[in-house]
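Biologist: Got a minute to walk me through this one? I'd like the overall fold, then a few residues.

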Amino acid sequence: MKNIPNYITLVRLILSVLLFFITDNWILFLVIYFVCGISDVLDGFLARTFKWQTKTGARLDSLADFIFFFAAFFRMLLSYRLTIPAPIILGAILIALIRFFNLYLTRKKFGMPGILHTTGNKLSGIIFFFACPAAVILGYIPLWVIFIPLISSLEETMILLKADTYNPDIRSFYDLLS
């Protein structure tokens, strides 16, 4: 029973890879996209509710999230020719660099790769989840989409620099202060 969230995450991982290959079927893309989003919420809910959290599950969830968001964004860019303003491109590059630095820092400082499940990172995921299909419908990506992810990636850096132990479920920088 303890592995149910991990199996759900594995399904999301497989479906996320499938998103790379869906080029001309918007309905199928959306169905898989929303199943991935629902599975992301469900695996975390089950793991926390029934105390089924594992280190493997946390790492698998982070990997599945990364592949899901990368695959979805990549496919929507290539298949639906979104207009992307320069500030969005620069902001996305900056956020990616900070996130990769955070992965490096986590590996160097705590001996394992990982992404923190802060409130800001969760909010960033929600924003990205709804912004991607909205961008396809609108034909462009609105500038406001990068603000919360930028702030949450910087918060994650501050947490990693200050923390003495790795806690993937820390809610915010303020948790370190109390």
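Modeller: Here is a quick tour, from the whole chain down to single side chains. Keep in mind that this is a predicted model.

Biologist: How many helices and strands does the protein have?

Modeller: Seven helices and zero strands. From the N terminus the order reads α-α-α-α-α-α-α.

Biologist: And what is the radius of gyration?

Modeller: It is 16 Å for the protein. A compact globule of 178 residues would have a value near 16 Å, so the two agree. Along the principal axes, the C-alpha atoms fill a box of roughly 45 × 40 × 25 Å.

Biologist: What share of the residues is buried?

Modeller: 44% of the 178 residues. The accessible surface is about 10200 Å². Carbon and sulfur atoms hold 74% of that surface.

Biologist: What about contacts between residues 24 or more positions apart?

Modeller: They make up 81% of the contacts with a separation of 6 or more.

Biologist: Charges next. How many positive and negative side chains?

Modeller: There are 15 positive and 10 negative ones. The centres of the two sets lie 5 Å apart.

Biologist: Let's zoom in. Where does Glu156 sit?

Modeller: In helix H6, which covers residues 147–162.

Biologist: Is Glu156 buried or exposed?

Modeller: Buried. Its relative accessibility is 1%, and the cut-off for buried is under 20%.

Biologist: Which side chain makes a polar contact with Glu156?

Modeller: That of Arg99, at 2.8 Å. Arg99 is also among the residues that Glu156 touches beyond four places in sequence. The others are Asn102, Gly114, Ile115, Leu116 and Asn121.

Biologist: And how far is Glu156 from Ile170?

Modeller: 9.7 Å between the C-alpha atoms. Along the chain they are 14 residues apart.

Biologist: Staying with helix H6, what does Ser153 do with its side chain?

Modeller: The Ser153 side chain reaches the backbone oxygen of Leu150 at 2.9 Å. Ser153 is in helix H6 too. With 0% relative accessibility, Ser153 counts as buried.

Biologist: Which residues is Ser153 in contact with, leaving aside neighbours within four places?

Modeller: Ile95, Ile98, Arg99, Asn102 and Asn121. Some names come back from before. Arg99, Asn102 and Asn121 are touched by Glu156 as well.

Biologist: Over to helix H4. What surrounds Thr106?

Modeller: Thr106 belongs to helix H4, residues 86–110. Beyond four places in sequence, Thr106 contacts Gly111, Met112, Pro113, Gly114, Leu160 and Tyr166. Gly114 is on the contact list of Glu156 too.

Biologist: So is Thr106 buried or exposed?

Modeller: Buried, because its relative accessible area is 0%.

Biologist: Now the N-terminal end. Where is Pro5?

Modeller: In helix H1, residues 4–19. Pro5 is buried at 4% relative accessibility. Away from its sequence neighbours, Pro5 contacts Asp43, Leu46, Ala47 and Trp52.

Biologist: And how far is Pro5 from Ala96?

Modeller: 27 Å, C-alpha to C-alpha. The pair is 91 residues apart along the chain.

Biologist: Ile14 is an isoleucine. Buried or exposed?

Modeller: Exposed. Ile14 has 56% relative accessibility, and exposed starts at over 50%. Ile14 lies in helix H1, like Pro5. From Ile14 to Phe101 the C-alpha distance is 26 Å, with their positions 87 residues apart in sequence.

Biologist: Loops, then. What is the phi of Lys51?

Modeller: Near 60 degrees. That is a positive value in a residue other than glycine. Lys51 sits in the loop between helix H2 (26–49) and helix H3 (55–80). Lys51 is exposed, since its relative accessible area is 63%.

Biologist: Last stop, helix H7. What does Leu176 touch there?

Modeller: Leu176 is in helix H7, residues 174–177. Skipping neighbours within four places, Leu176 contacts Ile159, Lys162, Ala163 and Ile170. The C-alpha atoms of Leu176 and Ala163 are 7.1 Å apart, at a sequence distance of 13 residues.

Biologist: How accessible is Leu176?

Modeller: Partly exposed, with a relative accessible area of 27%. That value falls between the limits of 20% and 50%.

Conventions. Residues numbered from 1 in each chain as written. Predicted model: local features only at pLDDT ≥ 70, side-chain atom pairs only at ≥ 80, totals over all residues. Heavy atoms only, no water. Helix = DSSP H or I, 4+ residues; strand = E, 2+ residues; numbered from the N terminus. Rg over C-alpha atoms; globule rule 2.2 N^0.38 Å. Buried < 20%, exposed > 50% of the residue type's maximum accessible area, 1.4 Å probe, protein only. Contact = heavy atoms within 4.5 Å. Areas by Shrake-Rupley, 256 points an atom, 1.4 Å probe, with all protein chains shown as cover. Lys, Arg positive; Asp, Glu negative; His and termini not counted. Charge placed at Lys NZ, Arg CZ, Asp CG, Glu CD. Polar contact = N/O pair within 3.5 Å; in protein donor to acceptor, adjacent residues only side chain to side chain.
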